[in-house]
Amino acid sequence: MMKQHLAILADNKPGVLTHVAGLISRRAINIECINAGYTEEPDVTRINIVVSVENRWELDQAVNQLAKLIDVINVVNLDDAPFVSYELAMIKVKYETPTVREELTNIAQLFHAKIVDVQKHSLILRLTGREDHIEAMLHMLEDYTIIEIARTGQISLSRGSTPVKQV
C-alpha cells in the first residue's frame, strides 16, 4: 500500500465533497484523511485527500474520473513533485499533580506544542507538524492518560511558485 496526496480544486457548491468522496470510495480506494476549505478565490474550494492505493494505475484512473466531474476544476497528485504537508492535532491529557503538569509542559516544549487550555486536572496541547512529528509526540504521551484527540489530517501545498490551478 502506498499513500498518495491529492489536491482538488472545485466549485464552492453544496454536494461537491460528497461527489468526490463517493467517486473515490466506489473505486475501493481507502481515504486516509479528507478535508476541505476556502482558497484565495471565494468561489473555489480546495479538497486535500490522502489515499492508500495498491498501485499507481488504480489511482490514475480515479484521478481521471475526478477530473471529469462537472464541479471539479483541477486534480493534482502532489506526490509527482515536491510538496509540504502539515496537520494540526489537539490532545487533551489528564494530570493529577502539579509535577505531572510540569512534565507535560516539558514534553510540549520539546515538540514546540502550545498549551491552549489548562483546567484543574487536564490540559489541551496544540501541535502542528508532519504526521511523523505528531506520532512521535503521541508516543511520548503513552505513559499519561490521553482523554481525547482531534486531528485535522494532512493539508498540503506544492513547493514553488506554481499554484495547483495552473498545474
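Lys92 is partly exposed in this predicted model, with a relative accessible area of 25%. Its side chain has a partner of opposite charge: Glu148 forms a salt bridge with Lys92, and the closest N and O atoms are 3.1 Å apart. Glu148 sits in strand β8 and Lys92 in strand β5, so this pair ties together parts that are 56 residues apart in sequence. Glu148 is partly exposed too, with a relative accessible area of 46%. If you wonder what brings such side chains together, the general idea is simple: side chains of opposite charge can pair when their charged atoms come close.

**More salt bridges**

How many salt bridges does the structure hold? The count is 11. Another one joins β8 to β5: the side chains of Arg151 and Glu87 meet with N and O 2.9 Å apart. Arg151 belongs to β8 and Glu87 to β5, so here the pair ties together parts that are 64 residues apart in sequence. Is Glu87 buried or exposed? Glu87 is buried, because its relative accessible area is 6% and the cut-off for buried is under 20%. Arg151, at 33% relative accessibility, counts as partly exposed.

Glu87 has plenty of company besides Arg151. Leaving out residues up to four places away in sequence, Glu87 touches Leu127, Thr128, Gly129, Glu131, Ile134, Arg151, Thr152, Gly153 and Gln154. With Arg151, the side chain of Glu87 also makes a polar contact, at 2.9 Å.

Now for a salt bridge inside a helix. The side chains of Asp60 and Arg56 meet at 2.9 Å, N to O. Why is this pairing easy to picture on a helix? Asp60 and Arg56 are 4 residues apart in helix α2, which means they are separated by about one helical turn. In general, an α-helix has 3.6 residues a turn, so residues three or four places apart point the same way. Asp60 is partly exposed, with a relative accessible area of 30%, and Arg56 is partly exposed with a relative accessible area of 30%. Elsewhere, Glu40, Glu41 and Lys165 are linked in a network of salt bridges.

**Strand β5 and its partners**

We have met β5 through its charged residues, so let's look at its pairing. Strand β5 covers residues 83-94 and pairs in the antiparallel sense with β7, β8 and β9. Here is the list, with one example pair for each partner.

| Partner of β5 | Residues | Bridges | Example pair |
|---|---|---|---|
| β7 | 122-129 | 8 bridges | Met90 and Arg126 |
| β8 | 145-151 | 6 bridges | Val93 and Ile146 |
| β9 | 155-158 | 4 bridges | Phe83 and Ser158 |

As a general rule, in a regular strand the side chains alternate between the two faces of the sheet.

**Helix α1 and the cores**

Next comes helix α1, which spans residues 16-26. Its buried residues are Val16, Val20, Gly22, Leu23 and Ile24. What covers them? The cover includes β1 (2-11), β2 (30-38), β3, α2 and β4 (72-77). After α1 comes Ala28, whose phi is positive, near 60°.

Two of those buried α1 residues turn up again in the largest nonpolar core. This core has 18 residues, and the ones that touch the most other members are Ile8, Val20, Ile24, Ile49, Val51 and Leu66. The elements giving two or more residues to this core are β1, α1, β3, α2 and β4. For a closer look, take Val20: setting aside its neighbours within four places in sequence, Val20 is in contact with Ile8, Ile47, Ile49, Leu66, Leu69 and Val72. Apart from this core lies another one, of 17 residues, among them Val93, Ile107, Phe111 and Leu125. The general background is that, in soluble globular proteins, nonpolar side chains tend to be buried together.

**A residue on the outside**

Let's finish with Glu54, found in the loop between β3 (44-53) and α2 (56-68). Is Glu54 buried or exposed? Glu54 is exposed, because its relative accessible area is 55% and exposed means over 50%. The C-alpha atoms of Glu54 and Ile29 are separated by 8.6 Å, while the two residues are 25 residues apart along the chain.

Terms used: Residues numbered from 1 in each chain as written. Predicted model: local features only at pLDDT ≥ 70, side-chain atom pairs only at ≥ 80, totals over all residues. Heavy atoms only, no water. Pairing = 2+ DSSP bridges. Buried < 20%, exposed > 50% of the residue type's maximum accessible area, 1.4 Å probe, protein only. Salt bridge = Lys/Arg side-chain N within 4 Å of Asp/Glu carboxyl O. Contact = heavy atoms within 4.5 Å. Core = buried A, V, L, I, M, F, W, Y, C linked by side-chain atoms within 4.5 Å. Polar contact = N/O pair within 3.5 Å; in protein donor to acceptor, adjacent residues only side chain to side chain.
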